[in-house]
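The exercises that follow invite a reader to work through one structure step by step. Try each task with the sequence and the model in view before turning to its solution.

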Amino acid sequence: QVQLVESGGGEVQAGGSLRLSCASSGSIFSINAGAWYRQAPGKQRELVANITSGGVTNYADSVKGRFTASRDSAKNTVYLQMSSLRLEDTAVYYCSAEGLLAGTSPIVYRGRGMQVTVST
């Protein structure tokens with residue numbers, strides 16, 4: 001069974017950086033595009049960034065210039081590089097990846113989420 005394996009979350013001081021990773025646990029799922037969402041306590045889940053199959057990236061206004069989404073096809077992994085982190089970036093971050101299962105069936109998988117805490 002394919003799962004998305006998320007890593008890179010944790011606690012960092014304001015102004016610091018983290019890189020989140022989201023990889024497919026199985027080689028039968030080829031990631032073509034990905035997205036990152038976050039949900040802070042008491043708030044709705046929001047789209048932070050996404051990268052299309054063509055490599056085009058889009059960002060929420062609140063993270064433009066600070067976050068960078070990328071994809072490594074060889075590693076079947078999508079990333080979110082987060083810099084100049086702020087207290088308000090504290091949230092549970094989720095990845096979503098769409099691609100092909102066994103080379104033929106389009107499908108979307110979602111990760112379980114990981115905590116990112118930005119402290120003073």
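**Exercise 1. Determine the handedness of the disulfide between Cys22 and Cys95, and describe where its two ends lie.**

Solution. In this predicted model, the torsion about the S-S bond of Cys22 and Cys95 is about 55°, so the disulfide is right-handed. Turning to the placement of the two ends, Cys22 belongs to strand E3 (residues 18-24) and Cys95 to strand E9 (residues 91-101), so the pair ties together parts that are 73 residues apart in sequence. The sulfur atoms of Cys22 and Cys95 are 2.0 Å from each other, and the structure holds one disulfide. As for their surroundings, Cys22 and Cys95 are both buried.

**Exercise 2. Decide whether Gly34 is buried or exposed, and find which residues it contacts beyond its neighbours within four places in sequence.**

Solution. Begin with the position of Gly34, which is part of strand E4 (residues 29-39). The relative accessible area of Gly34 is 7%, and because buried means under 20%, Gly34 counts as buried. Next, leaving aside neighbours within four places in sequence, the contacts of Gly34 are Asn50, Ile51, Val78, Ser96 and Ala97. Finally, Gly34 can be related to one end of the disulfide, since the C-alpha atoms of Gly34 and Cys95 are 7.1 Å apart in space while the two residues are 61 apart in sequence.

**Exercise 3. Work out how Thr77 is placed with respect to strand E8, to the surface and to Ala23.**

Solution. Thr77 is found in strand E8, and with a relative accessible area of 6% Thr77 is buried. Although Thr77 and Ala23 are 54 residues apart along the chain, their C-alpha atoms are separated by 4.3 Å. When residues up to four places away in sequence are not counted, Thr77 touches Ser21, Cys22, Ala23, Ile31, Ser70, Arg71 and Asp72; one end of the disulfide, Cys22, is thus among the residues that Thr77 touches.

**Exercise 4. Locate Asn76 and state whether it is buried or exposed.**

Solution. Asn76 sits in the loop between strand E7 (67-72) and strand E8 (77-82). The relative accessibility of Asn76 is 13%, and Asn76 therefore counts as buried. Apart from neighbours within four places in sequence, Asn76 is in contact with Cys22, Ala23, Ser24, Gly26, Phe29, Ser30 and Ile31.

**Exercise 5. Describe the chain as a whole, in terms of its secondary structure, its dimensions, its contacts and its charges.**

Solution. The chain has zero helices and 11 strands, so that, read from the N terminus on, the sequence of elements is β-β-β-β-β-β-β-β-β-β-β. For its dimensions, the C-alpha trace spans about 45 × 25 × 25 Å along its principal axes. A compact globule of 120 residues would have a radius of gyration near 14 Å, and the 14 Å of the chain agrees with that value.

The next step concerns burial and contacts. Of the 120 residues, 41% count as buried, and among contacts between residues at least 6 apart in sequence, 55% join residues at least 24 apart. The last step concerns the surface and the charges: the accessible surface comes to about 6400 Å², with 46% of it belonging to carbon and sulfur atoms, and the chain carries 11 positive and 8 negative side chains, the centres of the two sets lying 2 Å apart.

Key
Residues numbered from 1 in each chain as written. Predicted model: local features only at pLDDT ≥ 70, side-chain atom pairs only at ≥ 80, totals over all residues. Heavy atoms only, no water. Helix = DSSP H or I, 4+ residues; strand = E, 2+ residues; numbered from the N terminus. Rg over C-alpha atoms; globule rule 2.2 N^0.38 Å. Buried < 20%, exposed > 50% of the residue type's maximum accessible area, 1.4 Å probe, protein only. Contact = heavy atoms within 4.5 Å. Areas by Shrake-Rupley, 256 points an atom, 1.4 Å probe, with all protein chains shown as cover. Lys, Arg positive; Asp, Glu negative; His and termini not counted. Charge placed at Lys NZ, Arg CZ, Asp CG, Glu CD. Disulfide = S-S within 2.5 Å.
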